[in-house]
Amino acid sequence: MAEHILKTWPEYWDAVQRGDKTFEVRKDDRGYAVGDVLILQRWCPTDGYTMPAGARVEARRVVTSILRGGRFGVEPGHVVMSIKEK
């Protein structure tokens, strides 16, 4: 099991925190595996790391399943990961 620290745009980070977003789409460049922990950090391309008042700094999620690129419309070199709260 590995941990991956990932920048996540505010609208997607907020959706993960609310429980509305239960997947991550990423470049398949880190050897992601089921059981890995994603440490999602709220990051804005124009403002850097940003946090709403009172929010936790990170969203930690466990990868529960993986769909690798080249199948079912997922672009080659990318991965779709199902995630759940750790």
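## Rings, lysines and helix α1

The structure holds zero aromatic pairs. The model is predicted.

**Exercise 1.** Find which lysines lie over the face of an aromatic ring, and give the distances from the ring centre.

*Solution.*
- Start with Trp43. Lys7 lies over its face, 4.6 Å from the ring centre.
- Go on to Phe23. Lys21 sits over the face of that ring, at 5.0 Å from the centre.

**Exercise 2.** Decide whether Lys21 is buried or exposed, then describe its surroundings.

*Solution.*
- Locate the residue. Lys21 is in the loop between α1 and β2.
- Apply the cut-off. Buried means under 20% relative accessible area. Lys21 has 11%, so it is buried.
- List the polar partners. The Lys21 side chain reaches the backbone oxygen of Phe23 at 2.7 Å. A polar contact of 2.5 Å links the side chains of Lys21 and Glu24.
- Look beyond four places in sequence. There, Lys21 is in contact with Tyr12, Ala15, Val16 and Ile83.

**Exercise 3.** Classify Tyr12 by its accessibility and place α1 against the strands.

*Solution.*
- Tyr12 belongs to helix α1, residues 10-18.
- Its relative accessibility is 40%, so Tyr12 counts as partly exposed.
- The C-alpha atoms of Tyr12 and Trp43 are 9.9 Å apart, with the two positions 31 residues apart along the chain.
- Now take the buried residues of α1: Pro10, Trp13, Ala15 and Val16. They pack against β1, β2, β3, β5 and β6.
- Finish past the helix end. Gly19, just after α1, takes a positive phi of about 90 degrees.

How values were computed
Residues are numbered from 1 along each chain as its sequence is written. This is a predicted model: local features need pLDDT of at least 70, side-chain atom pairs count only at pLDDT 80 or more; totals for chains, interfaces and linings use all residues. Side-chain values use heavy atoms; hydrogens and water are left out. Helices (H or I, at least four residues) and strands (E, at least two) are DSSP runs, numbered from the N terminus. Buried means under 20% relative accessible area, exposed over 50%, partly exposed in between (1.4 Å probe, protein chains only). Contact means heavy atoms within 4.5 Å. Rings of Phe, Tyr and Trp (its six-membered ring) pair if their centres lie within 6.5 Å; planes under 30 degrees apart count as stacked, over 60 as edge-to-face and the rest as tilted. A charge sits over a ring if NZ of Lys or CZ of Arg is within 6 Å of the ring centre and within 35 degrees of the ring normal. A polar contact is a pair of N or O atoms within 3.5 Å; within protein, one must be able to donate a hydrogen and the other to accept it, and residues adjacent in sequence count only if both atoms are side-chain atoms.
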